[in-house]
Amino acid sequence: MEYVYRPSDDIENLLEEALNPQLADSIKVILLYTYFEKVSANVIVASGERKLKAALCRLSSKKRINRALAILRKAGFLSEDEYKTIRRVARALRCLRNAFLHQVCESSCPSIDLGEAINVARLFSLRAREYIDKVLNSWSVDTPKNL
């Protein structure tokens with residue numbers, strides 16, 4: 001039996017939890033940034049880059065997200081504006097997440113609207129899903145065998 005990569009569906013639960021009005025904004029930021037990381041990991045695994053996939057667990061969250069964005073942009077699934085927007089929001093979320101963990105970092109973080117961050121997360125997820133679906137479909141196409 002061959003291993004077939006399929007992204008897990010539980011990833012959407014992170015985004016749904018981030019929409020919970022009862023949660024503090026700091027927890028929403030952590031959930032959104034974790035969502036960005038999970039989507040990025042799915043893109044990296046689906047990309048088939050063996051060295052990158054092997055190093056996935058050792059990559060920092062920043063490098064993981066930036067590499068996934070680069071893969072999507074290179075494959076033509078992100079426009080330049082989308083790339084810049086997603087990268088800007090991911091940076092802001094990372095900074096805010098770090099500020100939650102280390103209070104001294106808070107003064108250097110850019111402000112961000114959580115509604116915008118959620119919309120950008122949805123855009124990132126949509127583009128990633130399009131890319132992953134294309135890759136999975138290309139894996140499942142049977143090529144004629146030479147007899």
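A residue counts as buried here when its relative accessible area is under 20%, and as exposed when that area is over 50%. With that in hand, the cysteines of this predicted model are a good place to start. Both Cys-95 and Cys-109 are buried, and a disulfide joins them, with 2.2 Å from S to S. The count for the structure is one disulfide. Cys-95 sits in helix H5 (residues 80–101) while Cys-109 sits in the loop between H5 and helix H6 (114–140), so the bond ties together parts that are 14 residues apart in sequence. The torsion about the S-S bond is about -95°, so this disulfide is left-handed. Cys-57 makes a contrast in accessibility: its relative accessible area is 76%, so Cys-57 is exposed.

Helix H5 itself runs for 22 residues. From first C-alpha to last it reaches 32 Å, close to the 32 Å expected at 1.5 Å a residue. Besides Cys-95, the buried residues of H5 include Tyr-83, Ile-86, Val-89 and Leu-93. Charged residues turn up in that buried set too, among them Glu-82, Arg-94 and Arg-97.

Next come the salt bridges, of which a search of the whole structure finds six. One of them pairs Glu-37 with Arg-64, the closest N and O atoms lying 3.0 Å apart. This pair links distant parts of the chain, with Glu-37 in helix H2 (residues 25–47) and Arg-64 in helix H4 (residues 61–74), 27 residues apart. Glu-37 and Arg-64 are both buried.

Helix H4 also takes part in the bridge between Glu-49 and Arg-67, again with 3.0 Å between the closest N and O atoms. Here Glu-49 lies in the loop between H2 and helix H3 (50–54) and Arg-67 in H4, a separation of 18 residues. Glu-49 has a relative accessible area of 30%, so it is partly exposed. Arg-67, at 30% as well, is likewise partly exposed.

Back on H5, the side chains of Arg-88 and Glu-116 meet in a salt bridge at 2.7 Å, N to O. That contact links helix H5, home of Arg-88, to helix H6, home of Glu-116, across 28 residues. Arg-88 counts as partly exposed because its relative accessibility is 41%. Glu-116 is partly exposed too, with a relative accessible area of 29%. Finally, salt bridges that share partners join Glu-82, Arg-127 and Glu-130 into one network.

Note on methods: Residues numbered from 1 in each chain as written. Predicted model: local features only at pLDDT ≥ 70, side-chain atom pairs only at ≥ 80, totals over all residues. Heavy atoms only, no water. Disulfide = S-S within 2.5 Å. Helix = DSSP H or I, 4+ residues; strand = E, 2+ residues; numbered from the N terminus. Buried < 20%, exposed > 50% of the residue type's maximum accessible area, 1.4 Å probe, protein only. Expected span 1.5 Å × (residues − 1). Salt bridge = Lys/Arg side-chain N within 4 Å of Asp/Glu carboxyl O.
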